[in-house]
Each structure stands twice: as C-alpha cells, then as structure tokens.
Amino acid sequence: MSPLQQFCRSRISWGLLLLSAIWLELAALFFQYGMDLAPCVMCIYIRVAVLGIFLAGLIGMLQPEVWFLRLVGMVGWAISAVWGLRLAYELNDMQVNPSPFATCSFYPEFPSFMPLDTWLPSVFSPTGMCSDSPWSWLSVSMAQWMMVGFAVYCVIWLLMLLPALKPAR
C-alpha cells in the first residue's frame, strides 16, 4: 500500500479535514461576533457548506479503514466543496458586480426538515447584505478567500480520491 493510501486510511487525514472545517466555522463566528460583521444569506449558506466538510471529516474519522465510510466521507466532501465554491463565486460576483436585479434574499431557504436558522439562529440567521464586502486581507475579500479555500478542498479531494477508494493489496 502506498503512503498516500495509508494516509487516506488514517484518522489523522480525516481529522485534519475536520479541524480545518472547525477552524473556518470559528473564524466565521469571530468575524460575526468579535468584529461585528453581519453575515448575509450567502455567507450562511457557505457556513452550511463548511458544515458539510465538517460532517464528511467526522464520518471519515469514525472508521477510516472501512471502504464504505471513506466513500460516504469522500462524496460528502466533494459535494460540500463544489457547492461552497459555487456559493463563494456567486457571492463574489454580487460584490464585484453589484446590480439591483441580482440580489440575495433576506431569509435563508432551508428545507422544512432542517430549519437551521430556527434551531441555531446565532449561527445560521443572516443579518447582513450580500452586496457588502466589509473585510479584506491583502486586497482579497472574504468571498474571494472562501473561493480559494473551497478550491483547495477540491484539489486535495482530487488528490485523495483514488488512494482513498483503491482497495488495499
């Protein structure tokens, strides 16, 4: 078995994925409560995509030696990373090219079986506008940093896909 296959079957690899998602969620809460930056509905959806990465890492960490759990973790990781990249791209487009015809909703549209904004409003309730870009670092906005982050998640996923799903010899 290659070193990358061994790494994919270790709790460390899935734990790193889990910790990166925890770090991003904590950073979002710091921006919201520590820096008093109001999250928009797209920011909330991006938080949900990061939550998907968190859950994928948790699933993979349960039993990383079990092929089916690695598969479920990899699928959740891919869906969350691609969805998050798409959301961050749309948010960046709203901020870079503001238009009165391309705005986001004031209320999140979660499914009725999972009303996250009702269950945990302090984390999943939007209070800001999507067209606002109140923070940047190195002249890169928060939406652009999230595009970079989700692109990195996608690239790492591509690197891990075959070694994670290849059967052990």
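Let's start in the loop between H2 and H3, where Asp36 is found. This is a predicted model, and in it Asp36 has a positive phi of about 60° although it is not a glycine. Why is that worth a second look? Most residues other than glycine have a negative phi. Asp36 also counts as exposed, because its relative accessibility is 69% and the cut-off for exposed is over 50%.

Stay in that loop for a moment, since Cys40 is found there too. Is Cys40 buried or exposed? Its relative accessibility is 2%, so Cys40 counts as buried. If you want a distance to check in your viewer, take the C-alpha atoms of Cys40 and Ala56: they are 16 residues apart along the chain and separated by 25 Å.

Now step back into H2, the helix that Asp36 follows. H2 has 24 residues, and from its first C-alpha to its last it reaches 32 Å, close to the 34 Å expected at 1.5 Å a residue. Its buried residues are Ser13, Trp14, Gly15, Leu17, Leu18, Ala21, Leu24, Glu25, Ala27, Ala28, Phe31 and Gln32. What covers them? The cover includes H1, H3, H4, helix H6 (121-124) and H7.

Gln32 makes a handy close-up within H2. With 9% relative accessibility, Gln32 counts as buried, because the limit for buried is under 20%. Which residues does Gln32 touch, leaving aside its neighbours within four places in sequence? The contacts are Leu37, Pro39, Arg47, Ser122 and Val123.

On the other side of the loop comes H3, and its relation to H4 is a good place to think about directions. The axes of H3 and H4 come within 8 Å and cross at roughly 165°. That angle makes H3 roughly antiparallel to H4, because angles over 145 degrees count that way. The H3 and H4 crossing is left-handed.

H3 also packs with H7, and here the angle is about 25°, with the two axes 12 Å apart. So H3 is roughly parallel to H7, since the cut-off for that label is under 35 degrees. The crossing of H3 and H7 is left-handed as well. Which side chains should you pull up to see this pairing? From H3, look at Ile46, Ala49, Val50 and Ile53, which meet Met146, Phe150 and Tyr153 in H7.

That brings us to H7 itself, covering residues 142-165. H7 has 24 residues and reaches 33 Å from its first C-alpha to its last, close to the 34 Å expected at 1.5 Å a residue. Where does H7 kink? There is a kink of about 35° at Leu159, shortly before the proline Pro163.

Pro163 is also one of the buried residues of H7. The others on that list are Ala143, Met146, Phe150, Tyr153, Cys154, Trp157, Met160 and Ala164, so Met146, Phe150 and Tyr153, which meet H3, count as buried, with under 20% relative accessible area. The buried residues of H7 pack against H3 (41-62), as well as helix H1 (3-8), helix H2 (11-34), helix H4 (67-96) and strand E2 (140-141). That closes the loop on our tour: H7 is among the elements covering the buried residues of H2, the helix followed by Asp36 with its positive phi.

Key: Residues are numbered from 1 along each chain as its sequence is written. This is a predicted model: local features need pLDDT of at least 70, side-chain atom pairs count only at pLDDT 80 or more; totals for chains, interfaces and linings use all residues. Side-chain values use heavy atoms; hydrogens and water are left out. Helices (H or I, at least four residues) and strands (E, at least two) are DSSP runs, numbered from the N terminus. The expected span of a helix is 1.5 Å times one less than its number of residues. The bend at a residue is the angle between axes fitted to the seven residues ending there and the seven starting there. Buried means under 20% relative accessible area, exposed over 50%, partly exposed in between (1.4 Å probe, protein chains only). Contact means heavy atoms within 4.5 Å. Axes are lines fitted to C-alpha atoms, for helices over the stretch in contact, and angles run from 0 to 180 degrees between N-to-C directions. Angles under 35 degrees count as roughly parallel, over 145 as roughly antiparallel, 65 to 115 as roughly perpendicular and the rest as oblique. A crossing is left-handed if the near helix is turned anticlockwise from the far one by less than a right angle, and right-handed if clockwise.
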